[in-house]
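Biologist: I am new to this structure and would like to learn how to read it. Could you take me through some of its features, one by one?

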Amino acid sequence: MFHGLSAFPLTPLKEGTFDERAFINLLRPVVDAGVDSLGILGSTGSYAYLTVEERGQIARCAVAHADDIPVIVSIGALRLDDILRLADDAQSAGVSGVLLAPVSYQRLTEDEVFHLYETVTRQISVPLCIYDNPATTGFSFSDELLFAAAALPNIGSIKLGRVPEDLLQVRARLPENVTLGIAGDWRAASALQAGFDVWYSVMGGLFPQAALAIARSKEVAQSERLEPLWALFRRYGSLRVMAAAAEMMGKVEAPALPFPLQAIQGEPRKALAGIMADLALA
């Protein structure tokens, strides 16, 4: 499950509520393409803006339409009781794994983050992916914290937004059953080539064939042709860019993102339309 291409689709909203039909329509081509797993309710899935009840409904919907593809669901939340309820709901829905970033309003300490993962991993029965996402959480894992957390029971993968300087040393200190995953789509080809196991992909949730071509070949040249798209990701955020793409393709109704988030508009949106045409992304 924590190998290959893990595709993270949007969670489309319609008038502020979960648009189940649009979500299923987003899932269908991703499932048919044969991705290695589905990442549901990650940052691309707007999990932090949804209620616990909505997230349980979305997890059940994803599992019901995933065929035999493993489903990984984010359980990140501010409160421990919500995290544990989300974990229970996800496991009851039949997910194969969960994803947890250390979400907090107050910036957390390393001890607090370790005890969070220690507490959660004791109470789940499916493998958990640690998500180091300082851009949204404001917390950066040190290598020592990653090694300590990775040694906890039920840890299956680590999702990083960076490539460690000494990847071999990191590998040597991680348990053999814990895989390394890359986030930040523009880094994926070089990270996979360097020895990462899995690409947690935003693009894969809407353009699975293009993402699979990179994931299977691990060719940097395949990724470099998408640099105009990556540039938009880096400047505006991949969520806003993918939401605009899905809206322009008629996959979701606008606005598909939870208020006050907005898909890119104006000149950036026009640029995206040109990029999609030039790269034959559809």
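Biologist: Let us start with charges and rings. Over the face of which rings does Lys159 lie?

Modeller: This is a predicted model, so please read everything below in that light. Lys159 lies over the face of Tyr131, at 3.9 Å from the ring centre. Lys159 also lies over the face of Phe8, at 4.2 Å from the ring centre.

Biologist: Where does Tyr131 stand in relation to E8?

Modeller: Tyr131 stands opposite Lys159 in E8. Tyr131 belongs to strand E7, residues 128-131, and E8 covers residues 155-160. The two strands run parallel and are joined by four bridges.

Biologist: Which way do the side chains of E7 point, and are they buried or exposed?

Modeller: Leu128 and Ile130 point one way, while Cys129 and Tyr131 point the other way. All of them are buried.

Biologist: And how does E7 pair with E6?

Modeller: Strand E6, residues 97-100, pairs with E7 in the parallel sense over three bridges. Between E6 and E7 the chain passes through helix H4, residues 110-121, and this β-α-β crossover is right-handed. For single partners, look at Leu99, whose bridge partner in E7 is Cys129, and at Val98, whose partner there is Leu128.

Biologist: What covers the two faces of E6, and what lies beside it?

Modeller: Gly97 and Leu99 are buried on one side, and Val98 and Leu100 are buried on the other. Strand E5, residues 71-74, runs parallel to E6 and is joined to it by three bridges. Val73 stands opposite Val98 there. The chain goes from E5 through helix H3, residues 80-93, to E6, again in a β-α-β crossover that is right-handed.

Biologist: Now the aromatic rings. How should I read a pair, and how many are there?

Modeller: A pair of aromatic rings is described by the distance of the centres and the angle of the planes. This structure holds five aromatic pairs. One of them joins Phe139 and Phe141: the centres are 5.3 Å apart and the planes are at 85°, so this pair is edge-to-face. Ring pairs also link Tyr117 with Phe139 and Phe141 in a cluster.

Biologist: Why do Phe139 and Phe141 count as buried?

Modeller: Buried means under 20% relative accessible area. Phe139 has 6%, so it falls under that limit, and Phe141 counts as buried at 4%.

Biologist: What about the nonpolar core?

Modeller: In soluble globular proteins, nonpolar side chains tend to be buried together. Here the largest nonpolar core has 111 residues. Those that touch the most other members are Leu38, Ile40, Leu128, Trp199, Met203, Leu229 and Met242. Leaving aside neighbours within four places in sequence, Leu229 has contacts that include Met203, Val241, Met242 and Leu272.

Biologist: Finally, which backbone features should I look for?

Modeller: Most residues other than glycine have a negative phi, and most peptide bonds are trans. In this model a cis peptide bond joins Ala254 and Pro255, with omega about 0°. Another cis bond joins Phe259 and Pro260, with omega about 10°. Pro255 is found in the loop between helix H12 and helix H13, and Pro260 lies in the loop between H12 and H13 as well.

Biologist: And which residues have a positive phi without being glycine?

Modeller: Asn154 has a phi of about 70°; it lies in the loop between helix H6 and E8 and is partly exposed at 31%. Ala280 has a phi near 55°; it is found in the segment after H13 and counts as exposed at 64%.

Methods: Residues numbered from 1 in each chain as written. Predicted model: local features only at pLDDT ≥ 70, side-chain atom pairs only at ≥ 80, totals over all residues. Heavy atoms only, no water. Phe/Tyr/Trp six-rings, centres within 6.5 Å; stacked < 30°, edge-to-face > 60°. Buried < 20%, exposed > 50% of the residue type's maximum accessible area, 1.4 Å probe, protein only. Lys NZ or Arg CZ within 6 Å of the ring centre and 35° of its normal. Core = buried A, V, L, I, M, F, W, Y, C linked by side-chain atoms within 4.5 Å. Contact = heavy atoms within 4.5 Å. Pairing = 2+ DSSP bridges. Right-handed = clockwise from strand over helix to strand, strands pointing away.
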